[in-house]
Amino acid sequence: MAEDVFKKAAEKLASPSEGERKAAILTLLKLKDRRAIDLLVKLCEMDRSVEVRYNARKTYYLLRDIHPNNLSEPFLELPDGISFDDLEKLLLDENPRIRGEAIQLAGKMDPQSTAPPLRLALAAEKIPQLQGKILLGLGRAGLKYDIPTIAEFLANSEPRVQSNAIEALAMIGGSDALECIVPYLRDSDSEVRNSATKALPPLDGGEMLNLLRGMAMSPDLAYRDAAIFSLQRFKAPLAAR
C-alpha cells in the first residue's frame, strides 16, 4: 500500500498542476521514505513555482534529518544558488531548523543582495543563536544603513548575541560602527569585553584614535568613561599629546 502511494506521489511531482505537485511533496514527507530525498533535488532547482520550490527544499531538509546519509550511496546535494523569493520564505519559515539552513545559504550568496531578506528575518527572529547568525550576515554585507539595527542588539540579554553584534559592526567599520563598540570594552561580561577588544583596531593616530579623543569629551558619562579607559588601556603615545 505504502509503495503504491509513494509511486503515485513521485509521478505527481511532474504534474502540470502546482496544487498536485505541492500535495505530492506533502505525501512524500508523511511517508518519510528516504527515496524521496533525491526526487526533490530537481524540483528545488527547476520548478517554476516559488511555493513548490520552497516546499520541496523544506521537505528535503526535514527528510535528511530523519535519514542518515549513506556513504556508499550518498544523497544528491541541493544547489547553493536559490532565488531571493525562495530565500525569504525559508528565512521566515515557522521551523527554526529550516531558518537555520536559510541563513547558511545566505552566507554563500552575494552579501549585499541578501541584506533585505536578512533584515526581515532579523525583525521576526526570536531565537538568540539564529539572531546572532543573521547579525553576522548583515555585517558581511557591510552596509552602513544597518548599523543602527545591529547596534540595538548590543543591549541584548545574551552575551553571545552581543558579541555577534560587535563582530558585525566591526565588519562594517567606520567611525559610526566603532563608536557603538567602545562602551563594551568595560562590559561586565568577559565574552563581550573580549569581543569588543578584538573588534577595535589598534590606536595609531588614525581614525580610531580621533574617535576616542572625541568620545572622551562626550557629555555621555558611559561614552566618556569608556573612551578614557580605552586611551589609557592601549597606552597610545599620541593620546597624551
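Contact here means heavy atoms within 4.5 Å. With that in hand, let us walk through this predicted model, starting with the whole chain and then moving to particular helices and residues.

The protein chain holds 14 helices and 0 strands, so its pattern along the sequence is simply one α after another, α-α-α-α-α-α-α-α-α-α-α-α-α-α. Of its 241 residues, 44% are buried. The accessible surface comes to about 12700 Å², and carbon and sulfur atoms contribute 53% of that area. If you look at contacts with a separation of 6 or more, 59% of them join residues 24 or more positions apart.

A good place to begin a closer look is A56, in helix α4, which spans residues 50–66. Is A56 buried or exposed? Its relative accessible area is 0%, and because buried means under 20%, A56 counts as buried. Once neighbours within four places in sequence are set aside, A56 is in contact with I25, L40, L43 and C44. V41 also belongs in this picture: its C-alpha lies 7.7 Å from that of A56, with the two positions 15 residues apart in sequence.

Before leaving this part of the chain, have a look at K32, in the loop between α2 (18–31) and α3 (36–46). K32 is not a glycine, yet it has a positive phi of about 60°. At 44% relative accessibility, K32 counts as partly exposed.

Now to the way helices pack against each other. Two packed helices are described by the angle between their axes and the distance between the axes. Helix α5 covers residues 84–91 and helix α6 covers residues 96–106; their axes come within 8 Å and cross at roughly 140°. Why are they called oblique? Roughly antiparallel requires an angle over 145°, and roughly 140° does not reach that cut-off, so α5 and α6 are oblique to each other. The crossing of α5 past α6 is left-handed. On the α5 side, the contact is made by L87, L90 and L91, while α6 supplies I98, R99, A102, I103, L105 and A106. Sorted by class, this contact has 8 nonpolar residues, no polar ones and 1 charged residue.

Helix α5 has another partner in helix α7, which runs from residue 111 to 124. Here the axes come within 9 Å and cross at roughly 25°. The cut-off for roughly parallel is under 35°, so α5 and α7 are roughly parallel to each other. Their crossing is right-handed. From α5, the residues F84, L87, E88 and L91 meet S113, T114, P117, L118, L120 and A121 of α7. By class, the α5 contact with α7 has 7 nonpolar, 2 polar and 1 charged residues.

L120 lets you see this meeting of α5 and α7 at the level of a single residue. L120 lies in helix α7, and its relative accessibility of 44% makes it partly exposed. Apart from neighbours within four places in sequence, L120 is in contact with E88 and L92. L120 and L92 are 28 residues apart along the chain, with their C-alpha atoms separated by 8.1 Å.

Helix α7 also packs with α8, at an angle of about 150° and with the axes 8 Å apart. Because that angle is over 145°, α7 and α8 are roughly antiparallel to each other. The crossing of α7 and α8 is left-handed. In this contact, P111, Q112, A115, L118, R119, A121 and L122 of α7 meet Q131, I134, L135, G137, L138, R140 and A141 of α8. The residues divide into 9 nonpolar, 3 polar and 2 charged.

Our last stop is D146, placed in the loop between α8 (128–141) and α9 (147–152). Is this aspartate buried or exposed? D146 has 1% relative accessibility and therefore counts as buried. Which residues is D146 in contact with, leaving aside its neighbours within four places in sequence? They are A115, R119 and L138. A115 and R119 in α7 and L138 in α8 also take part in the contact of those two helices, so following these residues leads you from the α8–α9 loop back to the α7 and α8 pair.

Methods
Residues are numbered from 1 along each chain as its sequence is written. This is a predicted model: local features need pLDDT of at least 70, side-chain atom pairs count only at pLDDT 80 or more; totals for chains, interfaces and linings use all residues. Side-chain values use heavy atoms; hydrogens and water are left out. Axes are lines fitted to C-alpha atoms, for helices over the stretch in contact, and angles run from 0 to 180 degrees between N-to-C directions. Helices (H or I, at least four residues) and strands (E, at least two) are DSSP runs, numbered from the N terminus. Angles under 35 degrees count as roughly parallel, over 145 as roughly antiparallel, 65 to 115 as roughly perpendicular and the rest as oblique. A crossing is left-handed if the near helix is turned anticlockwise from the far one by less than a right angle, and right-handed if clockwise. Ala, Val, Leu, Ile, Met, Phe, Trp, Tyr, Cys and Pro count as nonpolar, Asp, Glu, Lys and Arg as charged, and the others, Gly among them, as polar. Buried means under 20% relative accessible area, exposed over 50%, partly exposed in between (1.4 Å probe, protein chains only). Accessible areas come from the Shrake-Rupley method with a 1.4 Å probe; for residues, only the protein chains shown count as cover.
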